[in-house]
Amino acid sequence: MTTATPPKRVTSRRARTRRRLLDSALDVFAEEGFGRSTVEQICERAGYTRGAFYSNFTSLDELFLAMWEERSTQLLADVRAALDEVSAAAPEDAVRAALRAIPVDDAWYRVTAEFTAHALRNPALRRVMAARERAIQDAVLPAVVEALGRTGRRVTDEDALGQALVAVHDGTAVQVLLDPGSEAVLARRETLFLHVLQAYSTATS
C-alpha cells in the first residue's frame, strides 16, 4: 500500500531565507524597475545563491505575487481594525483611521505600477492580477458596508462602491506622491473618500 508524501515542512531557516529574498526584491524592484531586475541582483542583495531563490520561487512573477499577497493581507487586517472603531457620531474619524492604515508608499507604488504594466502584456498574468484584486475588494467591502451601517447609511451597490474606492485610492496616491508633504492634497484625498462613501450609500432614516 502506498502512502501520501507528507507536505514539506517550512523550517525557520527556510522562512528566514524567503523573508530576506522578499525584502531584497522590493529594494531591487524599486531601484532598478521590475522589468530591469534580475534573479541575480536579488540574490546578491540578499546574500544567497540562485539555488536559494529557486527553492522558494519559480520566477520573479511568483515572487512579486507572494509579496503582494503578504502586503494585501496586512493591509486588510489594518483597514478592518480601523473600521471596527467607527461610530455613528464620527464617520470622518473612521475614514482618517482607514487612510492611515493604507499608507501611500513611494517604493511600493512604483513597483506595483510597473508590475501592473507587465501583467497587462501577459493575458494569463493579467487574469491572476484581476482575480486577486477582486478578492481583496470582496474581503474589505463587508467591513466598509458594516461601518457605514453603524453611521446610519446603507450601501446601494457594493460592486460600484468597491470600484470607486479603488479608483480614488489609486488616483489620489499619485497626487500624494507627486506633491509629498502637501496638507492640501491629503485633505482633498480624505474629502474624496468621504464623497464616494456618501455617493454610494443612502441614509437609512
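From the N terminus on, the elements of this predicted model run α-α-α-α-α-α-α-β-α-α-β, which amounts to nine helices and two strands. With the whole chain displayed, the C-alpha atoms fill a box of roughly 65 × 55 × 35 Å along the principal axes. If you colour by accessibility, buried residues make up 37% of the 205 residues. Among contacts between residues at least 6 apart in sequence, 69% join residues at least 24 apart.

**The annotated N-terminal span**

Select residues 15–75 next, the range that an unreviewed UniProt entry annotates as "domain: HTH tetR-type". This span is 77% helix and 0% strand, and its end C-alpha atoms lie 21 Å apart. Narrow the selection to residues 38–57, which UniProt, again in an unreviewed entry, lists as "DNA-binding region". Here the chain is 65% helix and 0% strand, with 13 Å between the end C-alpha atoms.

**Helix H1**

Now show H1, residues 12–32. At 1.5 Å a residue, its 21 residues should span 30 Å, and the end C-alpha atoms are indeed 30 Å apart, so the expected and modelled lengths agree. Display the side chains of Thr-17, Leu-21, Leu-22, Ser-24, Ala-25, Leu-26, Val-28, Phe-29 and Ala-30, which are buried. An α-helix has 3.6 residues a turn, so residues three or four places apart point the same way. The partners to bring into view are H2, H3, H4 and helix H6 (106–120), against which the buried residues of H1 pack. Just after H1, stop at Gly-33, which takes a positive phi of about 95°.

**Helix H4 and its start**

Move on to H4, residues 60–83. Its 24 residues should span 34 Å at 1.5 Å a residue, and this agrees with the 34 Å between its end C-alpha atoms. The buried residues of H4 include Leu-63, Phe-64, Ala-66, Met-67 and Trp-68 in its earlier part, and Leu-76, Val-79 and Leu-83 further along. What caps the N-terminal end of H4? Select Ser-59, where a side-chain oxygen lies 3.4 Å from the backbone nitrogen of Asp-61.

**Asn-56, before H4**

A short step back leads to Asn-56, in the loop between helix H3 (50–54) and H4. Is Asn-56 buried or exposed? With 9% relative accessibility, below the 20% limit, Asn-56 counts as buried. Its side chain makes a polar contact with the side chain of Ser-55, at 3.3 Å. Leaving aside residues up to four places away in sequence, Asn-56 touches Arg-14, Thr-17, Arg-18, Leu-21 and Glu-62. Of these neighbours, Thr-17 and Leu-21 were already met among the buried residues of H1.

**The aromatic rings**

Show the aromatic side chains next, since the structure holds seven aromatic pairs. One of them joins Phe-34 and Phe-64 in an edge-to-face arrangement, 6.4 Å centre to centre with 70° between the planes. Phe-34 lies in the loop between H1 and helix H2 (39–46) and Phe-64 in H4, so the pair ties together parts that are 30 residues apart in sequence. Phe-34 is buried, with a relative accessible area of 6%, and Phe-64 counts as buried at 1%. A further pair, Phe-53 with Phe-57, is tilted, with 5.8 Å centre to centre and 50° between the planes; both Phe-53 and Phe-57 are buried.

Extend the selection to Phe-29, Phe-34, Phe-64, Trp-108 and Phe-115, which form one aromatic cluster. Phe-29 is one of the buried residues of H1, while Phe-64 belongs to the buried set of H4. From Trp-108, turn to Arg-71, which lies over the face of that ring at 4.2 Å from the ring centre.

**A last stop towards the C terminus**

Finally, select Ser-182, placed in the loop between helix H8 (158–178) and helix H9 (183–199). Ser-182 is buried, with a relative accessible area of 15%. Which backbone atom does the side chain of Ser-182 reach? The partner is the backbone nitrogen of Val-185, at 3.2 Å.

How values were computed. Residues are numbered from 1 along each chain as its sequence is written. This is a predicted model: local features need pLDDT of at least 70, side-chain atom pairs count only at pLDDT 80 or more; totals for chains, interfaces and linings use all residues. Side-chain values use heavy atoms; hydrogens and water are left out. UniProt positions are given in the numbering used here, feature names are shortened, and annotations may be inferred rather than shown by experiment. Helices (H or I, at least four residues) and strands (E, at least two) are DSSP runs, numbered from the N terminus. Rings of Phe, Tyr and Trp (its six-membered ring) pair if their centres lie within 6.5 Å; planes under 30 degrees apart count as stacked, over 60 as edge-to-face and the rest as tilted. Buried means under 20% relative accessible area, exposed over 50%, partly exposed in between (1.4 Å probe, protein chains only). A charge sits over a ring if NZ of Lys or CZ of Arg is within 6 Å of the ring centre and within 35 degrees of the ring normal. A polar contact is a pair of N or O atoms within 3.5 Å; within protein, one must be able to donate a hydrogen and the other to accept it, and residues adjacent in sequence count only if both atoms are side-chain atoms. Contact means heavy atoms within 4.5 Å. The expected span of a helix is 1.5 Å times one less than its number of residues.
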